[in-house]
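Student: I would like to see how the labels on this model are earned. Can we take them one by one?

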Amino acid sequence: MAKLKILKVGDETLRKVCRPVDRITPRIITLLDDMRDTMRAADGVGLAAPQVGVLRRVVVIETPDDGYFELINPKIIAFSGEQTSEEGCLSVPGRWGVTKRPMHVTVRAVNRRGEVFTVNGSGLLAKAFCHELDHLDGKLYIDIAEQMRDS
Ligand code: ZN
């Protein structure tokens with residue numbers, strides 16, 4: 001198990017647009033494993049590769065109700081509804097803010113075996129999909145959040 005360093009807001013890497021993964025190499029597999037371990041050690045719901053300094057379109061997500069997801073080159077292909085709730089980010093430690101996100105989100109992505117799959121998420125999982133995929137385009141939730149507060 002390898003724990004990676006999580007970059008914090010203010011680091012320019014978090015503002016870059018990530019490149020797609022064109023081939024799933026052993027390096028990508030190791031990245032997925034290390035991101036999973038890092039997310040769990042930090043008690044997070046999701047982690048995107050740029051948060052650990054890698055500008056690739058790779059995301060891991062885990063929620064208590066929905067389980068664990070690995071998303072390579074993810075794309076939101078449908079969304080509906082709306083939810084307003086508090087959101088946080090491992091790159092913005094100790095802070096929280098209220099965001100508006102879709103209630104239901106469908107994502108298409110590739111798994112570590114190179115297979116394309118589609119996953120539907122509602123509530124927290126939908127919010128996590130939006131939050132983590134935003135990271136891949138250099139966007140942070142604090143760009144859209146209101147009522148920011150310290151924990
Ligand atoms: Zn985040």
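Tutor: We start with the metal site, then go to the sheet, the helices and the cysteines. Keep in mind that this is a predicted model.

Student: What makes Cys89, His131 and His135 the residues that coordinate the zinc ion?

Tutor: Distance. Cys89 (SG), His131 (NE2) and His135 (NE2) lie at 2.0 to 2.3 Å from the zinc ion. The cut-off for a donor N, O or S atom is within 2.8 Å, so these atoms qualify. Water is not among the atoms, so a site may look incomplete.

Student: How are the donor residues of the zinc ion spaced in sequence?

Tutor: The pattern is C-x41-H-x3-H.

Student: Why are His131 and His135 separated by about one helical turn?

Tutor: Because both sit in helix H2 (residues 124–135), four residues apart.

Student: Why is His131 called buried?

Tutor: Its relative accessible area is 6%. Buried means under 20%, so His131 meets the criterion. His135, at 1%, is buried by that test too. So is Cys89, at 11%.

Student: Now the sheet. What is the strand order, and how do the strands pair?

Tutor: The order is S1-S2-S3-S6-S7, in an open sheet of five strands with antiparallel pairing. Strand S1 (46–48) and strand S7 (116–122) pair on one side only, and are the edge strands. On average, neighbouring strands are turned by 40° against each other, direction ignored.

Student: How do you know that strand S2 (residues 58–63) and strand S3 (residues 67–80) pair?

Tutor: DSSP must find at least two bridges between two strands. S2 and S3 have six, in the antiparallel sense, so they count as paired. Within this pairing, Ile61 has Phe69 in S3 as its bridge partner.

Student: Which strands do the helices lie across?

Tutor: Helix H1 (residues 26–41) lies across S1, S2 and S3, at about 35° to S2. H2 lies across S1, S2, S3, strand S6 (104–110) and S7. The angle of H2 to S7 is about 125°.

Student: How many disulfides does a search of the whole structure find?

Tutor: Zero.

Student: Why does Cys18 form no bond with the closest cysteine sulfur?

Tutor: The closest cysteine sulfur belongs to Cys89, and the separation is 13 Å. A disulfide needs two cysteine sulfur atoms within 2.5 Å, so this pair is too far apart.

Student: Is Cys18 buried or exposed?

Tutor: Buried, with a relative accessible area of 4%.

Definitions and conventions
Residues are numbered from 1 along each chain as its sequence is written. This is a predicted model: local features need pLDDT of at least 70, side-chain atom pairs count only at pLDDT 80 or more; totals for chains, interfaces and linings use all residues. Side-chain values use heavy atoms; hydrogens and water are left out. Donors are N, O and S atoms within 2.8 Å of the metal (3.2 Å for Na, K and Ca); water is not among the atoms, so sites may look incomplete. Helices (H or I, at least four residues) and strands (E, at least two) are DSSP runs, numbered from the N terminus. Buried means under 20% relative accessible area, exposed over 50%, partly exposed in between (1.4 Å probe, protein chains only). Axes are lines fitted to C-alpha atoms, for helices over the stretch in contact, and angles run from 0 to 180 degrees between N-to-C directions. Contact means heavy atoms within 4.5 Å.
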